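The exercises below ask you to work through one protein model step by step. Keep the sequence and the coordinates open as you read, and try each task before turning to its solution.

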Amino acid sequence: MSKALTSFALVAVLTALLMALSLTVARHGYPYGAIGVRRLDGIADAGTFIPLAAIYFFSALLMMILPIRAASIVLTHAADAIFWTVIVLFAAIVGCLAARWAFGQGSAVWALLNWRFLFAAVIVGCHFVMNELRRNVLLRSLFFVVFAAATLACLFWSFSL
């Protein structure tokens, strides 16, 4: 957990510094600043977490039914990678919004209230409790169904609220 928090903080600070540099260059009238801002804003979309959640929930579903050795391969080569991707992506979004807030765009912070960020929170939460889910047969069976439903919902439901 501390490694995840440290990684989150470091990526958020680095992204905030890059966004601040881009905003400063743009304020001085150079077109390169606007390009940097557009590139950093391009990743700041909460909708990105929905397909990541579908892939993560499918890998979690596989971890519930596969034997321990095969489940460990799915964990280390799929679920862990998606978990760290979510951490880095959310940290980059927070860093971009923090830099915008620091440069006087106070309404930028309200973008964090997008309900689609719940997908990132659910992925992180599931990742931290995955060991407990694998140990208990009842929880494994129950969460097989939960992960199957979550995978299908992330793939086929529009989430257009």
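**Exercise 1. Describe how helix H1 packs against helix H4, starting from the handedness of the crossing.**

Solution. Begin with the handedness: in this predicted model, H1 passes H4 in a right-handed crossing. Next, consider the geometry of the two axes, which come within 7 Å and cross at roughly 40°. Since angles under 35 degrees would count as roughly parallel, this value makes H1 oblique to H4. Finally, look at the side of H1 (residues 2-27) that touches its partner: among the residues that meet H4 are Lys-3, Ser-7, Phe-8, Val-11, Thr-15, Met-19 and Leu-23, and the H4 residues they face as a group include Phe-83, Trp-84, Ile-87, Val-88, Phe-90, Cys-96 and Arg-100.

**Exercise 2. Find the salt bridges in the structure, and state for each where its partners lie and whether they are buried or exposed.**

Solution. The structure holds two salt bridges, which can be taken in turn.

- Step 1. The side chains of Asp-41 and Arg-100 meet in a salt bridge, at 2.3 Å from N to O. This pair links distant parts of the chain, for Asp-41 belongs to helix H2 (residues 31-42) and Arg-100 to helix H4 (residues 68-102), with their positions 59 residues apart.
- Step 2. Accessibility sets the two partners apart: Arg-100 has a relative accessible area of 14% and is therefore buried, whereas Asp-41, at 29%, counts as partly exposed. Arg-100 is also one of the H4 residues at the contact with H1.
- Step 3. The second bridge joins the side chains of Arg-135 and Glu-132, at 2.8 Å from N to O. Both residues lie in helix H5 (residues 118-135), three residues apart, which is about one turn of the helix.
- Step 4. Arg-135 has a relative accessible area of 59% and is therefore exposed, while Glu-132, at 45%, counts as partly exposed.

**Exercise 3. Compare the UniProt record with the model: which residues does the record list as "transmembrane region", and how much helix do the spans 46-69 and 81-103 contain?**

Solution. The unreviewed UniProt entry lists residues 46-69, 81-103, 109-130 and 137-159 under this heading. In the model, the span 46-69 is 79% helix and 0% strand, and its end C-alpha atoms lie 34 Å apart. The span 81-103 is 96% helix and 0% strand, with its end C-alpha atoms 33 Å apart. Now take a residue from the listed span 81-103, namely Ala-81, whose place is in helix H4. With a relative accessible area of 41%, Ala-81 is partly exposed, and its C-alpha atom is separated by 14 Å from that of Phe-128, which lies 47 residues away along the chain.

**Exercise 4. Which secondary structure elements make up the protein, and what fraction of its residues counts as buried?**

Solution. Count the elements first: there are six helices and zero strands, which gives the pattern α-α-α-α-α-α when read along the sequence. Then turn to the overall dimensions, where the C-alpha atoms fill a box of roughly 60 × 35 × 20 Å along the principal axes. Of the 161 residues, 36% count as buried. As a last step, consider the contacts with a separation of 6 or more, of which 74% come from residues 24 or more positions apart; the salt bridge of Asp-41 with Arg-100, 59 residues apart, likewise links distant parts of the chain.

Conventions. Residues numbered from 1 in each chain as written. Predicted model: local features only at pLDDT ≥ 70, side-chain atom pairs only at ≥ 80, totals over all residues. Heavy atoms only, no water. UniProt positions renumbered as here; feature names shortened; annotations may be inferred. Helix = DSSP H or I, 4+ residues; strand = E, 2+ residues; numbered from the N terminus. Salt bridge = Lys/Arg side-chain N within 4 Å of Asp/Glu carboxyl O. Buried < 20%, exposed > 50% of the residue type's maximum accessible area, 1.4 Å probe, protein only. Axes fitted to C-alpha atoms, helices over the stretch in contact; angles between N-to-C directions. Parallel < 35°, antiparallel > 145°, perpendicular 65-115°, else oblique. Left-handed = near helix turned anticlockwise from the far one by under 90°. Contact = heavy atoms within 4.5 Å.
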